[in-house]
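Subject: Handover of a structure and the findings from it

Dear colleague,

Please find the structure below, together with its sequence. My notes on it follow, and I would be grateful if you read them with the structure open.

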Amino acid sequence: MRRIVTHTPLIPIPGQFDPVAVPRDVTPRGDGRVDLLGLPRQRIATLFEEAGLDAKQAKLRSRQVYHWLYHRGVTEFDAMTDIAKTMRPWLTERFVIGRPEVVEAQHSTDGTRKWLLRTADGHDFEMVFIPDADRGTLCVSSQVGCTLNCTFCHTGTMKLVRNLTPGEIVGQVMLARDALGEWPKGRMDVAEEEDEAEYTSDGRLLTNIVMMGMGEPLYNFDNVRDALKLVMDGDGLALSKRRITLSTSGVVPMMERCGEEIGVNLAVSLHAVTKPVRDEIVPINRKYGIEELLSACAAYPGASNARRITFEYVMLKDKNDSDDDARELIRLIKHYKLPAKVNLIPFNPWPGAVYECSDPERIRRFSEIVFEAGISAPVRTPRGRDIDAACGQLKTAAEKKSRAERDREAAAG
Ligand code: SAH
Ligand code: SF4
């Protein structure tokens with residue numbers, strides 16, 4: 001077993017809800033080359049200029065490299081056939097196109113796949129792919145760990161946190177396309193407009209993205225936005241914003257910007273309808289309460305009956321699952337006139353969790369009450385439980401080990 005050596009200081013969790021620092025866009029590598037993964041076209045152009053190209057050349061080359069990098073998934077400059085052969089070694093000497101390192105890839109009996117990934121500075125995080133009959137959803141992480149401590153969530157028990165960079169975020173999607181063999185082959189021309197998504201779900205495995213892996217995406221807003229821009233760009237990964245959902249525990253001050261600057265579908269981890277219960281299980285509620293949260297949802301740019309906000313509701317036995325809770329949920333949704341659907345998530349247990357999942361009969365009844373009020377409230381089938389890939393179970397293998405185990409490993413070198 002390889003020992004994990006970290007070169008950057010991690011940030012101890014600063015308190016209930018403080019955001020963590022944003023790292024630089026270009027992280028120096030040992031070999032002096034610059035990793036272009038995660039950088040926008042303009043930034044690539046300035047790097048080319050700094051390396052000695054004139055402005056016109058830099059612009060042209062950055063356009064070509066950008067297309068190969070994000071649209072075609074190429075990782076070698078040598079494969080960029082419209083770039084002069086003499087130019088390619090110049091690029092290779094100065095730049096690389098990286099991917100997050102894969103430490104382990106696991107397959108569930110139900111087809112779900114989970115990857116344990118490692119940043120260049122030695123921090124582990126996870127991504128999950130969930131195939132269904134009509135879609136394939138990639139569950140992407142935004143942070144290593146999470147600064148929030150929702151009491152039912154395993155990620156929330158991780159002790160250390162670092163924001164993932166745009167490259168580490170978009171790198172997850174690109175790695176999934178590598179693994180699924182889903183980079184386009186033919187077309188060479190370059191699209192002009194952003195969000196000119198040219199792909200449909202036809203025949204594709206990876207059709208949807210949810211920012212529901214490790215971390216609170218709205219506490220890493222800039223990096224998540226920059227990464228998703230690359231994903232949505234017609235000349236980038238070209239996935240429509242309608243197929244992307246960002247889930248937040250309720251970082252109210254960032255919600256409007258999320259709608260305006262990213263424009264993806266919104267999911268909100270509501271989980272409780274009264275202040276005492278939500279304060280306990282989703283502690284950010286002490287800072288931004290239910291009323292504030294639902295008002296921000298009502299004002300979310302782009303929400304409509306055609307693009308509903310999803311309210312996630314984890315079913316915890318005797319905590320938030322009564323008929324009264326269901327009725328209060330309906331009242332709130334109607335009061336704020338929210339175009340909403342509810343996703344009921346059976347609680348996924350993890351070692352040491354203090355909650356139990358509600359009985360199936362209770363979940364069914366809760367769902368029925370909400371349905372009868374005209375609000376869609378399906379129960380989410382847990383996926384990948386056998387490999388700890390289900391909602392809220394993400395906590396990296398390294399962190400799961402006991403102190404004693406890690407000490408033993410360290411002693412063994
Ligand atoms: N931090 C963001 C996104 C990641 S969590 C958020 O909280 O929304 C993705 C979803 O899984 C959230 O709705 C979260 O509340 C839910 N979840 C966390 N732990 C869970 C568990 N043990 N069982 C079921 N769902 C859980
Ligand atoms: Fe963080 Fe979301 Fe888990 Fe809460 S549920 S601790 S916000 S990852």
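The shell around ligand 1 is made up of 10 nonpolar, nine polar and two charged residues. Please keep in mind that this is a predicted model. In total, 21 residues surround ligand 1, and the closest of them are Phe 152, Gly 215, Ser 247, Ser 269 and His 271.

Three of the polar approaches to this ligand deserve a look on the screen. A nitrogen atom of ligand 1 lies 2.9 Å from a polar backbone atom of Phe 152. For Gly 215, too, a polar backbone atom is found 2.9 Å from a nitrogen atom of the ligand. At His 271 the side chain takes part: one of its N or O atoms is 2.5 Å from an oxygen atom of ligand 1. On its own, ligand 1 has 530 Å² of accessible area, and the protein covers 96% of it. Strand S11 (244-248), strand S13 (309-315) and strand S14 (340-346) are the elements that each give two or more residues to this shell.

Which residues are found around ligand 2? They are Cys 146, Leu 148, Cys 150, Cys 153, Gly 156, Gly 215 and Ser 249. This shell contains four nonpolar and three polar residues, and no charged ones. Gly 215 therefore deserves attention twice, since a residue counts as near a molecule when one of its heavy atoms lies within 4 Å: Gly 215 is listed among the closest residues to ligand 1 and also among the residues around ligand 2.

I turn next to the chain as a whole. It has 413 residues, of which 54% count as buried, and it contains 12 helices and 14 strands. Among contacts with a separation of 6 or more, 70% are between residues 24 or more positions apart. The chain exposes about 18,300 Å², and carbon and sulfur atoms supply 51% of that area.

The salt bridges come last; the count is 28. Three examples may help you to see how their surroundings vary.

In the first example, Arg 94 pairs with Glu 93, with the closest N and O atoms 3.6 Å apart. Arg 94 counts as partly exposed, at 27% relative accessibility, whereas Glu 93 is exposed, at 56%.

The second example joins Arg 225 to Asp 226, and here the closest N and O atoms are 3.0 Å apart. Is Arg 225 buried or exposed? Its relative accessible area is 15%, so Arg 225 is buried, given that buried means under 20%. Its partner, Asp 226, is partly exposed, with a relative accessible area of 33%.

The third example is the salt bridge between Arg 362 and Asp 323, whose closest N and O atoms are 2.7 Å apart. This pair links distant parts of the chain: Arg 362 belongs to helix H10 (residues 360-372) and Asp 323 to helix H9 (residues 323-335), and the two are 39 residues apart. Arg 362 counts as partly exposed at 24% relative accessibility, and Asp 323 likewise counts as partly exposed at 24%. Elsewhere, salt bridges that share partners join Asp 222, Arg 225, Asp 226, Arg 257 and Glu 261 into one network.

Yours sincerely

Technical notes: Residues are numbered from 1 along each chain as its sequence is written. Chains are lettered from A and ligands numbered from 1 in the order in which they are written. This is a predicted model: local features need pLDDT of at least 70, side-chain atom pairs count only at pLDDT 80 or more; totals for chains, interfaces and linings use all residues. Side-chain values use heavy atoms; hydrogens and water are left out. A polar contact is a pair of N or O atoms within 3.5 Å; within protein, one must be able to donate a hydrogen and the other to accept it, and residues adjacent in sequence count only if both atoms are side-chain atoms. Accessible areas come from the Shrake-Rupley method with a 1.4 Å probe; for residues, only the protein chains shown count as cover. Helices (H or I, at least four residues) and strands (E, at least two) are DSSP runs, numbered from the N terminus. Ala, Val, Leu, Ile, Met, Phe, Trp, Tyr, Cys and Pro count as nonpolar, Asp, Glu, Lys and Arg as charged, and the others, Gly among them, as polar. Buried means under 20% relative accessible area, exposed over 50%, partly exposed in between (1.4 Å probe, protein chains only). Contact means heavy atoms within 4.5 Å. A salt bridge is a side-chain nitrogen of Lys or Arg within 4 Å of a carboxyl oxygen of Asp or Glu.
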